[in-house]
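Good morning, colleagues. Please look at the sequence and the structure on the screen, and I shall then take you through several parts of it in turn.

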Amino acid sequence: MYFVKVYVTYKDSVLDPQGEAVKHAVHRMGYEEITEIRMGKYFEIQVAPSQASVEETIEQICDKLLANVNMETYRYEIEEMEEV
C-alpha cells in the first residue's frame, strides 16, 4: 500500500486572488515582512499495488481531475506504508 500526498497550486504566471487576499489580511495584522502567499489544494491518497506504477496512476489522476494543467501545477510525495 502507498500513501501519496498531492499538492496543487497556481502556476507562478497566474494571479492567485485568494493568496493575495490572505497576504493583505496578514499585512493588516502587522506582518509587513510577508512578501507573498499562495493558496492551493492538498490531497491524501492511498493506493493499493497494481499493474500500473503508482507514479503513472497519480500523474493521470492529477492531469485529468485534481489540477487544471493550464493554470495549476502539482507535485506529489509517495511513501510506502507498512503492512499491519
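I begin with a pair of charged side chains: E20 and K23 meet in a salt bridge, with 3.4 Å from N to O. Please keep in mind throughout that this is a predicted model. Both residues belong to helix α1, which covers residues 17–28, and because they stand 3 residues apart there, about one helical turn separates them.

Are the two partners buried or exposed? E20 is partly exposed, at a relative accessible area of 26%. K23, by contrast, has a relative accessible area of 13%. Buried means under 20%, so K23 counts as buried.

What else does K23 touch, apart from its neighbours within four places in sequence? The contacts of K23 are with I34, T35, E36 and I37.

One residue in that list, E36, leads to another charged pair. E36 forms a salt bridge with R38, and the closest N and O atoms of this pair are 3.8 Å apart. R38 itself is partly exposed, with a relative accessible area of 29%.

How many salt bridges are there by the rule applied here? The count comes to 5. One of them joins E79 and K5, whose closest N and O atoms lie 3.5 Å apart. E79 sits in strand β3, residues 72–80, whereas K5 sits in strand β1, so this salt bridge ties together parts that are 74 residues apart in sequence. As for accessibility, E79 is partly exposed at 35%, and K5 is also partly exposed, with a value of 21%.

That pair brings us to the sheet. In what order do its strands run? The order is β2-β1-β3, in an open sheet of 3 strands with antiparallel pairing. The edges are formed by β2 and β3, each of which pairs on one side only. On average, neighbouring strands are turned by 15° against each other, direction ignored.

Let us consider one pairing in detail. β1 and β3 pair in the antiparallel sense over 9 bridges. Within this pairing, F3 stands opposite E79 of β3. E79 therefore appears twice in this account: opposite F3 in the pairing, and as the salt-bridge partner of K5 in β1.

A helix also packs on this sheet. α2 touches β1, β2 and β3, and its direction makes about 150° with that of β3.

I turn now to the nonpolar core. Which residues make up the largest one? It holds 11 residues in all: V4, V6, V8, I45, V47, V54, I58, C62, L66, A67 and Y74. At least two residues of this core are supplied by each of β1 (2–10), β2 (40–47) and α2 (54–66). The largest share, 4 residues, comes from α2, the helix that packs on the sheet.

I close with one member of this core, A67. Which residues does A67 contact, leaving aside its neighbours within four places in sequence? They are V8, C62, E72 and Y74. Among these, V8, C62 and Y74 are themselves listed in the core, while E72 lies in β3, which runs over residues 72–80.

Thank you for your attention.

Notes. Residues numbered from 1 in each chain as written. Predicted model: local features only at pLDDT ≥ 70, side-chain atom pairs only at ≥ 80, totals over all residues. Heavy atoms only, no water. Core = buried A, V, L, I, M, F, W, Y, C linked by side-chain atoms within 4.5 Å. Buried < 20%, exposed > 50% of the residue type's maximum accessible area, 1.4 Å probe, protein only. Contact = heavy atoms within 4.5 Å. Salt bridge = Lys/Arg side-chain N within 4 Å of Asp/Glu carboxyl O. Pairing = 2+ DSSP bridges. Axes fitted to C-alpha atoms, helices over the stretch in contact; angles between N-to-C directions.
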